[in-house]
Amino acid sequence: MEAYKKEFVDFMLESNVLKFGDFTLKSGRKSPFFMNAGLYVTGSQLMKLGEYYAKAIHDTYGDDFDVIFGPAYKGIPISVAVAIAYSRLYGQEKRYCSNRKEAKDHGDAGILLGSPIKDGDRIVVVEDVTTSGKSMEETIPIVRAQGDVTIIGLMVSLNRCEKGKGDKSALEEISELYGFRTGAIVSMDEIVDYLVEKGVIDDELLARIKAYYELYGVK
């Protein structure tokens, strides 16, 4: 596993974003772990978060894109942080764009904030985590309605490696449905391997995680 991925796992733990315990997810599943990206709240945390996303995007998709799109609401600060990080790390200016939940009818009217999207734009979508793909059902039509654009990929912080609506992962389902690649800074498989090695995950917790994936994991 790349060094920046290990650093990202440590960063999630230090920020209290990744937790282990007993959690009931929105889907109703009982999970031994939980990630809440809403707890990245300080300037230094957002700066680091943007850098991890930028490195993952750079490694996965390269630099041939124009816009970083962050779906409302959690995707908004992520898209801004990634645009800043991309400029600092790679010396490239990528525009950020997000959507509003409700269209604005005065001033900078419309459904979007940040950079307008125009014909020919190549777009990377950034989200915190995707478990069902529901947010993409709202996001992708909005982006594609802006013009003749190409969505080259979706980048999330964590691939939970579990079933979405069917037997495939949510990221796989999104890729097949919309025809673009998906990626994550780190996967839950990588996290578990790393934290077992570090002694953070003990035998009891590892057994619970394995039992969870027996029910909901993807092959």
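**Exercise 1. What volume does the second largest pocket have, and which residues line it?**

Before starting, note that this is a predicted model, in which local features need pLDDT of at least 70 and side-chain atom pairs count only at pLDDT 80 or more, while totals for chains, interfaces and linings use all residues. Residues are numbered from 1 along each chain as its sequence is written, and side-chain values use heavy atoms, with hydrogens and water left out.

*Step 1.* Set the terms. On a 1 Å grid over the protein atoms alone, a pocket is an open set of points with protein on both sides within 12 Å along at least five of seven lines; a cavity is a set where a 1.4 Å probe fits but cannot get out, and lining residues have an atom within 4 Å of a point. Points are joined across faces, edges and corners, and a volume is the space filled by probe spheres set on them.

*Step 2.* Read the volume: the second largest pocket has about 160 Å³.

*Step 3.* Collect the lining, which consists of Cys161, Asp189, Val192, Ile209, Lys210, Tyr213, Glu214, Gly217 and Val218. Two or more of these residues come from each of helix H6 (188-198) and helix H7 (203-216), with H7 giving the most, 4 residues. Helices here are DSSP runs of H or I with at least four residues, strands are runs of E with at least two, and both are numbered from the N terminus.

*Step 4.* Sort by class: the lining has 5 nonpolar, 1 polar and 3 charged residues. Ala, Val, Leu, Ile, Met, Phe, Trp, Tyr, Cys and Pro count as nonpolar, Asp, Glu, Lys and Arg as charged, and the others, Gly among them, as polar.

**Exercise 2. Describe the surroundings of Glu190 in helix H6.**

*Step 1.* Check exposure. Glu190 is partly exposed because its relative accessible area is 23%; buried means under 20%, exposed over 50%, and partly exposed in between (1.4 Å probe, protein chains only).

*Step 2.* Look for partners. Leaving aside residues up to four places away in sequence, Glu190 touches Met1 and Lys5, where contact means heavy atoms within 4.5 Å.

*Step 3.* Compare sequence and space: Glu190 and Ile57 are 133 residues apart in sequence, and their C-alpha atoms are 18 Å apart.

**Exercise 3. How many cavities of 30 Å³ or more does a search of the whole structure find?**

*Step 1.* The search finds 2.

*Step 2.* Take the largest cavity, with a volume of about 40 Å³. Its lining has 10 residues, and Thr130, Asn159, Arg160, Glu162 and Ala170 lie nearest its centre. By class, this lining holds 3 nonpolar, 4 polar and 3 charged residues.

*Step 3.* Turn to the second largest cavity, at about 30 Å³. Pro71, Ala72, Asn99, Lys101, Ser135, Glu138, Thr139 and Ile142 line this space. Strand S4 (95-104) and helix H4 (134-144) each supply at least two of them, and H4 gives the most, with 4 residues.

**Exercise 4. Which radius of gyration does the protein have, and what does the globule rule give?**

*Step 1.* Apply the rule, 2.2 Å times the number of residues to the power 0.38, with the radius taken over C-alpha atoms.

*Step 2.* For 219 residues, a compact globule would be near 17 Å; the protein has 17 Å, so the two agree.

*Step 3.* Add context: the C-alpha trace spans about 55 × 35 × 30 Å along its principal axes, and 47% of the residues count as buried. The secondary structure comes to 7 helices and 8 strands.
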